[in-house]
Amino acid sequence: MNSARVEDTDECIRVHSDYWEIEHLKRAGGAWNSLVFKNGSQKNLLRGPVSSAIRFARTEENSADPLGYYAESNDSEARISVEHPASGTVAVVAEGTYRNVLGESVPIGFRRRTEYCGHGLIWTTLQIMSECGCPGAVEVRAFGVPLRSGLTDAYARFHPTQAGSADLLGGRTWLDLKQNTNPTPFLSRFTPLQISCFERGVEGLELFPGSELVQWDCGFKLDMGLGNFRIGHDAVGASIGLGPYCMGFRRMKTRVQGTTTLRLGIALNEVKPRSTVKKPLRHVFVTNPHTTDAQIEQLAAEGVEFICYRDDYRDGTEFWRNGAVAPYAADGMAALHALIESCHRCSIQIVPYVSTHELHPATHAYELHARDWMHTAARSLDVVHTWSGQGELGGLMCLRSGWLDYRKKTIDAILSNLPWDGLCLDWPSPMPCCHPGHAAGPFHSDVDELIDLLFYCKHRVGKEGALAFLASNESSILAANLADYILPRE
Ligand SMILES: [Zn+2]
């Protein structure tokens, strides 16, 4: 793992990895003020501090700041500390008070903990706290990111209420910032599941709320859809705003009371120096354990270096049911073992395909747990299945359930059973879900658990093993950071 390193200076806490350097500016509430990718543009990706802010209606009482914004980055005296929660990880904690540009405060405190977890993953958890309560807030922005000019592309994945289809999947858009003259190319009142901004081929970042969407959706009012989530873009640069409550224009107020916790994931490109970029890999998919030595030798002669063994459904014969550990009867398992040895004789790496979300109904685990683990698209719907040919690949499971632990254990058993060279996961995308047993609130996702699974797989295959993902047209900087190979689909 590429560990983060930390330096504490009079001005800032500087955290850096092999790929980027970040500064938490002490006089700006400990907010990020600089983010430079070492093998990227070498420019600061940020135009100013990355901060939360609370806005109050413009009244005579608080007219010192004409905009009425109180921001964490205006606190020049925040308490800042560094923690080392686990080997190789660093957390920077800033605690202070929301202040306006004149330094005047409101009775609302913040605590932001930013944890650097390796592989370009950062979790920032913001707590907005007011014991006595503070009325009159017309906007709560959890995260405002001013970005440099020159970014070319953005990507957004919508909230489940806006998903593309009734199974809650789909619902995403790519935005060409070069061609787009709209000053707000993305705008939603619902929490997006992901926003990414980048300069294509150079550098970028990705933001995604943690699995518990309820605080983002309903943290300041009971109803969903009262926020302001946007990507802005003009000559000065791009910007990202994540605001769980925004009725500023209508001066409709809410009371900030108690503690609201907003967790946000950030993935940063691990841009490699150009000299280390790998050449494309020659790969194929093999679907039958009875593939002969001669066929493998032929593939080797054609230059194939990598085989993904994927047999998750074939009509009219036995196949490897998703979620099962030992796919075949004794003769099939012997054939599969012989196939792996044949690949090794020909210097071809071979890895098993493993589904992130599908569990086949003809497994014991499905019989026992499917209704507890299932991806729930609506309370009135049963398990959603992925159909194939005359049968199916499996029912969709949510990782924010016992499915995560089961999936880890089965991956471990699969890799222990046979001398595979690593693992191929289907595209690692989080799923929104409304199963009431998985989380509070109308909707959640399984992004925390998905990342847990990805880090587990990376650790399990080890330095010698290969972790491959099947490609998708979705954006995932973290997946790109973790993958040894991203394989185009057949
Ligand atoms: Zn769920």
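**Exercise 1. Two residues with positive phi**

Task: Determine whether Q42 is buried or exposed, and state where the residue lies.

Solution. With 9 C-beta neighbours inside 10 Å, Q42 counts as exposed, since the limit for that class is 12 or fewer. The structure in which this count was made is a predicted model. The next step is to place the residue: Q42 belongs to the loop between β4 (31-37) and β5 (51-56). Its backbone deserves attention as well, for Q42 is not a glycine and yet has a positive phi of about 70°. As background, most residues other than glycine have a negative phi.

Task: Carry out the same analysis for S347: which loop holds S347, and is S347 buried or exposed?

Solution. S347 sits in the loop that runs between α3 (330-345) and β22 (349-354). Inside 10 Å there are 8 C-beta neighbours, so S347 counts as exposed. The phi of S347 is near 60°, a positive value in a residue other than glycine.

**Exercise 2. The surroundings of F143**

Task: Establish which strand contains F143, whether F143 is buried or exposed, and which residues F143 touches.

Solution. First, F143 is located in strand β10, which covers residues 121-146. Second, 23 other C-beta atoms lie within 10 Å of F143, and the residue is therefore buried, the threshold being 20 or more. Third, leaving aside residues up to four places away in sequence, F143 touches V50, S52, L242 and L264. Finally, a distance to another part of the chain can be added: the C-alpha atoms of F143 and S355 are separated by 34 Å, and the two residues are 212 residues apart along the chain.

**Exercise 3. The two domains and their contact**

Task: State what the domain assignment of the protein chain gives, and describe the side of domain 1 that touches domain 2.

Solution. The assignment gives domain 1 (5-268) and domain 2 (278-487). Taken over C-alpha atoms, the centres of domain 1 and domain 2 are separated by 34 Å. The contact draws on 27 residues from domain 1 and 24 residues from domain 2. On the side of domain 1 that touches domain 2, at least two residues each come from β15 (203-209), α1 (214-218) and β19 (254-268). The residues on this side of domain 1 comprise 15 nonpolar, 7 polar and 5 charged.

**Exercise 4. A sheet of three strands**

Task: Work out the order of the strands in the open sheet that contains β23, β24 and β25, and explain which strands stand at the edges.

Solution. Begin with the pairings. Strand β23 (residues 358-359) runs antiparallel to strand β25 (residues 391-396), and 2 bridges join them. In these, E358 has L396 as its bridge partner, and L359 has G395. Strand β24 (residues 385-388) is likewise antiparallel to β25, with 4 bridges; W387, for instance, is partnered by E392. The order is thus β23-β25-β24, with antiparallel pairing. β23 and β24 each have a single partner strand and stand at the edges, so one side of each is left without a neighbour in the sheet. The hairpin of β24 and β25 has 2 residues between the strands, and G389 there takes a positive phi near 50°.

**Exercise 5. A sheet of six strands**

Task: Give the order of the open sheet of 6 strands, and explain why one side of β20 and of β28 is left without a neighbour.

Solution. The order is β20-β21-β22-β26-β27-β28, and the pairing is parallel. β20 (283-286) and β28 (485-487) are at the edges; because each has a single partner strand, one side of each lacks a neighbour in the sheet. Neighbouring strands of this sheet are turned against each other by 30° on average, direction ignored. One pairing may serve as an example: 4 bridges join β26 (residues 422-425) to β27 (residues 466-470), which run parallel. Within this pairing, the bridge partner of G422 is A466.

**Exercise 6. Two helices in contact**

Task: Classify the arrangement of α4 and α5, and list the residues that meet.

Solution. The axes of α4 (residues 364-373) and α5 (residues 402-417) come within 9 Å and cross at roughly 140°. The helices are therefore oblique to each other, as the angle is not over 145 degrees, the limit for roughly antiparallel. A365, H369, D372 and W373 of α4 meet G402, W403 and Y406 of α5. The residues of this contact divide into 4 nonpolar, 2 polar and 1 charged.

Notes: Residues are numbered from 1 along each chain as its sequence is written. This is a predicted model: local features need pLDDT of at least 70, side-chain atom pairs count only at pLDDT 80 or more; totals for chains, interfaces and linings use all residues. Two strands pair if DSSP finds at least two bridges between them. Domain bounds come from an automatic or database domain assignment. Two residues are in contact if their C-beta atoms, placed from the backbone, lie within 7 Å. Ala, Val, Leu, Ile, Met, Phe, Trp, Tyr, Cys and Pro count as nonpolar, Asp, Glu, Lys and Arg as charged, and the others, Gly among them, as polar. Axes are lines fitted to C-alpha atoms, for helices over the stretch in contact, and angles run from 0 to 180 degrees between N-to-C directions. Angles under 35 degrees count as roughly parallel, over 145 as roughly antiparallel, 65 to 115 as roughly perpendicular and the rest as oblique.
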